[in-house]
Amino acid sequence: MMSTTGIREALATTASICQVFQFLAGVLVCRKIVKSGTTGNSSALAFVTCYTSCLMWMKYGMLIGDQFILLVNFFGATLQACYVYVFILYSVKKNKIIKQMIAATCFLATVYLYSFYEEDKLQAERYVGFLSCTVTVLFFASPLTTMALVIKSKNTETLPFPIIMTSLIVSCQWFAYGCLLNDRFIQIPNFLGCVLSAFQLCFFIIFRDDQSISTHNQLV
């Protein structure tokens, strides 16, 4: 039988691999944007919050000495920065996205400076963990900003399905990893991530028939 440590490492490895696929799901969204030449009604907020979340978890990984959390979020932050750049290139609301990135960078700089100068590392770990928790919940909830449009138009085009689907899978795995570590900062946001991702996926089922009818009418 595998020891608890072995199970923890195996779960962290599989969760990290799935997390990489989640980050790569943004390629599909950006490919669609490049092909159409515009971001349309899609929002860059999901990528901005994910970029912020990744850098927050990178810092938390440094503080608790977890290489899995550190490395996977370094990879994620790099990709999210590239996705945001694509949004800036193809969006008519460039200034809004740039302002969001400036705000995110200022927030991250403040957190990193605090954790560097804070002598009580356990306290720094708690504060950074709490903030990482909060930003991750905002990332999972960011597609909800277009929910009013989805309900009004009965169309899920503005919801990034690949990202929401992979978020559900990954958050389930990291929640289990958090339970093994007994780390509530990992448990809480990923449990909420499961709930929010499942909630958003429900709209793809609810409006599936409406979208099929709409597509058929356009073809006719």
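This is a tutorial dialogue on reading cavities, pockets, ring pairs and annotated spans in a predicted model.

User: Before we start, what kind of model is this, and how are residues numbered?

Analyst: It is a predicted model, in which local features need pLDDT of at least 70 and side-chain atom pairs count only at pLDDT 80 or more, while totals for chains, interfaces and linings use all residues. Residues are numbered from 1 along each chain as its sequence is written, and side-chain values use heavy atoms, with hydrogens and water left out.

User: How many cavities are there, and what is a cavity?

Analyst: Rolling a probe the size of a water molecule over the atoms shows where empty space is left. On a 1 Å grid over the protein atoms alone, a cavity is a set of points where a 1.4 Å probe fits but cannot get out; a pocket is an open set with protein on both sides within 12 Å along at least five of seven lines. Grid points are joined across faces, edges and corners, and a volume is the space filled by probe spheres set on the points. Here, the search of the whole structure gives 3 cavities of 30 Å³ or more, and the largest has a volume of about 250 Å³.

User: Which residues line the largest cavity?

Analyst: Lining residues have an atom within 4 Å of a point. There are 19 of them, with Gln19, Trp57, Thr136, Trp174 and Asn190 nearest the centre. Helices are DSSP runs of H or I, at least four residues, and strands are runs of E, at least two, numbered from the N terminus. Among the helices that each supply at least two lining residues are α1 (4–36), α7 (161–181) and α8 (184–206). By class, the lining has 11 nonpolar, 8 polar and no charged residues; Ala, Val, Leu, Ile, Met, Phe, Trp, Tyr, Cys and Pro count as nonpolar, Asp, Glu, Lys and Arg as charged, and the others, Gly among them, as polar.

User: What lines the second largest pocket?

Analyst: That pocket has a volume of about 310 Å³. Its lining comprises 17 residues, and Asn41, Ser42, Ser43, Lys93 and Lys96 are the closest to its centre. Helix α4 (residues 94–117) gives the most, with 3 residues. The lining divides into 5 nonpolar, 10 polar and 2 charged residues.

User: How do I read aromatic pairs, and how many are there?

Analyst: Rings of Phe, Tyr and Trp (its six-membered ring) pair if their centres lie within 6.5 Å; planes under 30 degrees apart count as stacked, over 60 as edge-to-face and the rest as tilted. The structure holds 9 such pairs. Phe116 and Tyr117 are edge-to-face because their planes stand at 90°, with ring centres 5.0 Å apart. Phe175 and Phe191 form a tilted pair, since their planes meet at 45°, with centres 5.8 Å apart. Phe175 lies in helix α7 and Phe191 in helix α8, so this pair ties together parts 16 residues apart in sequence. Ring pairs also link Phe47, Tyr83 and Phe87 into a cluster.

User: Are Phe116 and Phe175 buried, partly exposed or exposed?

Analyst: Buried means under 20% relative accessible area, exposed over 50%, and partly exposed in between (1.4 Å probe, protein chains only). Phe116 counts as exposed at 59%, whereas Phe175 is partly exposed at 28%.

User: Where does UniProt place the "transmembrane region" feature?

Analyst: The unreviewed UniProt entry lists several spans, including 12–30 and 42–62. UniProt positions are given in the numbering used here, feature names are shortened, and annotations may be inferred rather than shown by experiment. In the model, residues 12–30 are 100% helix, with end C-alpha atoms 28 Å apart. Residues 42–62 are 86% helix, and their end C-alpha atoms lie 33 Å apart.
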